[in-house]
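Q: Please take a close look at one part of this predicted model, beginning with a single side chain and its surroundings and then turning to the enclosed space inside the protein.

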Amino acid sequence: MKIFRQLRQNLILKNQTGKYFKYTIGEILLVVIGILIALQINSWKEEKNYRIVEQSILTNLKEDFIKNQQEIEVLIFANKKYYRNLNRFIEILKSSAKETTIQIPDTLAMAAIAAPTYIPTTSTIDVIVSTGNIDLIKNEILKTAISRFKRELADLNEDEYDVRTMANDQLAPLLSQESDLIIEYENTYAYTIDRDNKVKINTSSPVNNSNLLGTYIAQRFYYNKMILSQLNGIYDMQKEILELVNNEIK
């Protein structure tokens, strides 16, 4: 800066005003260019930091959704078993005399009142949405898929709540009039998630084959079919998110 001042003073003393103004403009341009370069370097550093944070987010999302796929596979398997058992339940009710006591296998009774809930790991999504860091994800398709996943999950949870309400308030009282559902549940839960058919349940319980029971079982069957479809849809959605995340991880 001292050198620049001396040059300007010499130009003034020599009465070279034109050269002085040209020099001054050049000096200003150099300062502006220096500022722009500094800003660009700072922008590069910020972008680099953003990409580091993005990679951390993507890694956490991958871990979450690997767990979610494992969890939802178990739930889909269980609901497929519920579907088969509820269908059998309906067939038994249809083929039996109305308003009579009949024996229903405990596995079928539990399919009617079991109401598992899908609770995926969403900690990473919750954090990036609440902090606004979801905008650090450059892949717009991935961001859209995450938003769609949250909406579909909310819809599923509402329907699962309706199933729990039906199971607890309508089906459980009818099915527990002459049997202990708690004992049945303890005996049949392992059967529900058994993929290798190692758990055998041969017990049954008496129930009254009423029109009301038939109506509730038919509704439960419909809900099961609907939830199974939703679970399969979310499974495919999670698979898509995992593929997108893997493509973005460097």
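**A glutamine and a cavity**

A: Leaving aside residues up to four places away in sequence, glutamine 238 touches Phe65, Asn68, Gln69, Ile72, Tyr118, Pro120 and Phe149. Glutamine 238 belongs to helix H7, and with a relative accessible area of 0% this glutamine is buried, since buried is the term for values under 20%. One of the residues it touches, Tyr118, also meets it through a polar contact, in which the side chains of glutamine 238 and tyrosine 118 are joined at 2.5 Å.

Helix H7 also has a part in the enclosed space of the model, where the count comes to two cavities of 30 Å³ or more. The largest cavity holds about 60 Å³ of space, and its lining is made up of Asn79, Ala114, Ala115, Pro116, Glu160, Val163, Arg220, Asn224 and Ile227. Two or more residues of this lining come from each of helix H5, which spans 140–175, and helix H7, which spans 211–248; of the elements, H7 gives the most, with three residues. In chemical character, the lining of the largest cavity divides into five nonpolar residues, two polar ones and two charged ones.

Helix H7 therefore appears in both parts of this view, as the helix in which the buried glutamine 238 lies and as the element that gives the most residues to the lining of the largest cavity.

Notes
Residues are numbered from 1 along each chain as its sequence is written. This is a predicted model: local features need pLDDT of at least 70, side-chain atom pairs count only at pLDDT 80 or more; totals for chains, interfaces and linings use all residues. Side-chain values use heavy atoms; hydrogens and water are left out. On a 1 Å grid over the protein atoms alone, a cavity is a set of points where a 1.4 Å probe fits but cannot get out, and a pocket is an open set with protein on both sides within 12 Å along at least five of seven lines; lining residues have an atom within 4 Å of a point. Grid points are joined across faces, edges and corners, and a volume is the space filled by probe spheres set on the points. Helices (H or I, at least four residues) and strands (E, at least two) are DSSP runs, numbered from the N terminus. Ala, Val, Leu, Ile, Met, Phe, Trp, Tyr, Cys and Pro count as nonpolar, Asp, Glu, Lys and Arg as charged, and the others, Gly among them, as polar. Buried means under 20% relative accessible area, exposed over 50%, partly exposed in between (1.4 Å probe, protein chains only). A polar contact is a pair of N or O atoms within 3.5 Å; within protein, one must be able to donate a hydrogen and the other to accept it, and residues adjacent in sequence count only if both atoms are side-chain atoms. Contact means heavy atoms within 4.5 Å.
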